[in-house]
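Here's a walk through the model you have open. Have the sequence and the 3D view side by side as you read.

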Amino acid sequence: MAEVKQVERPLSPHLQIYRPQMTSFSSIMTRITGNGIIVGVLLLVWWLLAAATSPAYFDFVNAIATSWFGDLVFTLSLLGVWYHYLAGIRHLIWDTGRYMDIKTAEMLGWICVIGSVVLTALTLIIIHL
């Protein structure tokens, strides 16, 4: 067989070269929050299944769901829901072909981040009233 000649190609520029941009950050955050929501849903489903199983098993799962760990999971899932919602609205706006210039796209990314934090805080305030 003929020898395969290795082509000397430069490595593709990656994180060392490019400056992080809001659009790339928001894309990554949309994926992270989508997976984070799944964790909250799994805990909720586990809690509901335990409620349907037995009082002793429900007490066990309820202790986890209402502990600091459960509060953290549900709070981060709530943050993920709000971020995912706002990012979805941003993408619907982009689907119309509007606000796609760099300055406005970055502003919409910041609106998603800040808006999700504010809406999460408001939701927690309303829940705890």
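Two residues count as being in contact here when they have heavy atoms within 4.5 Å of each other. Take tryptophan 46 as a starting example: setting aside neighbours within four places in sequence, tryptophan 46 is in contact with Tyr57, Phe60, Val61 and Ile64. Keep in mind that this is a predicted model. Tryptophan 46 sits in helix H1, and it's partly exposed, with a relative accessible area of 29%. Tyrosine 99 is 53 residues away from tryptophan 46 in sequence, and the two are 42 Å apart in space, C-alpha to C-alpha.

**The helices, end to end**

Helix lengths come up first. Here are three of the helices, with the distance between their end C-alpha atoms set beside the span expected at 1.5 Å a residue.

| Helix | Residues | End-to-end C-alpha distance | Expected span |
|---|---|---|---|
| H1 | 32 residues | 46 Å | 46 Å |
| H3 | 28 residues | 40 Å | 40 Å |
| H4 | 26 residues | 37 Å | 38 Å |

For H1, the end C-alpha atoms are 46 Å apart, which agrees with the span that 32 residues should give. H4 agrees with its expected span as well, and H3 comes out close to its expected 40 Å.

**Who packs against whom**

Which residues of H1 are buried? They are Met22, Ser26, Thr30, Thr33, Ile37, Gly40, Leu43 and Ala50. These buried H1 residues pack against helix H2 (55-65), H3 and H4. A bit of helix geometry is handy when reading lists like that: an α-helix has 3.6 residues a turn, so residues three or four places apart point the same way.

In H3, the buried set includes Gly70, Val73, Ser77, Leu78 and Gly80, and also Tyr83, Leu86, Ala87, Arg90 and Trp94. The cover over the buried residues of H3 includes H1, H2 and H4. For H4, the buried residues include Thr104, Ala105, Leu108, Gly109, Cys112 and Val113, along with Gly115, Ser116, Thr120 and Thr123. H1 and H3 are among the elements covering them.

Not everything in these helices is tucked away. Leucine 42 lies in helix H1, and at 56% relative accessibility it counts as exposed, because the cut-off for that is over 50%. Its C-alpha atom is 20 Å from that of proline 55, 13 residues along the chain. Methionine 107, in helix H4, is partly exposed, with a relative accessible area of 45%. The C-alpha atoms of methionine 107 and methionine 22 are separated by 8.5 Å, although the two are 85 residues apart along the chain.

**The nonpolar core**

Which residues make up the largest nonpolar core? There are five: Tyr83, Leu86, Ala87, Cys112 and Val113. Helix H3 (68-95) and helix H4 (102-127) are the elements that give two or more residues to this core, and H3 supplies the largest share, three residues.

Tyrosine 83 is a good one to click on. Apart from neighbours within four places in sequence, tyrosine 83 is in contact with Ser26, Met29, Thr30, Thr33, Cys112, Val113 and Ser116.

**A buried arginine**

Now look at arginine 90, which lies in helix H3. Where is the nearest side chain of opposite charge? That's aspartate 95, 9.9 Å away, and arginine 90 is buried yet has no salt bridge. What arginine 90 does have is a polar contact of 3.1 Å between its side chain and that of serine 26. Not counting residues up to four places away in sequence, arginine 90 touches Ser26, Thr30, Leu108, Gly109 and Cys112.

Serine 26 belongs to helix H1. Is it buried or exposed? At 2% relative accessibility, serine 26 counts as buried. Leaving out its neighbours within four places in sequence, serine 26 is in contact with Tyr83 and Arg90.

**The loop after H3**

Last stop: just after H3, glycine 97 takes a positive phi of about 85°. Tyrosine 99 lies in the loop between H3 and H4. Its phi is near 55°, a positive value in a residue other than glycine. Tyrosine 99 is partly exposed, with a relative accessible area of 47%.

Conventions
Residues numbered from 1 in each chain as written. Predicted model: local features only at pLDDT ≥ 70, side-chain atom pairs only at ≥ 80, totals over all residues. Heavy atoms only, no water. Core = buried A, V, L, I, M, F, W, Y, C linked by side-chain atoms within 4.5 Å. Buried < 20%, exposed > 50% of the residue type's maximum accessible area, 1.4 Å probe, protein only. Helix = DSSP H or I, 4+ residues; strand = E, 2+ residues; numbered from the N terminus. Lys, Arg positive; Asp, Glu negative; His and termini not counted. Salt bridge = Lys/Arg side-chain N within 4 Å of Asp/Glu carboxyl O. Polar contact = N/O pair within 3.5 Å; in protein donor to acceptor, adjacent residues only side chain to side chain. Expected span 1.5 Å × (residues − 1).
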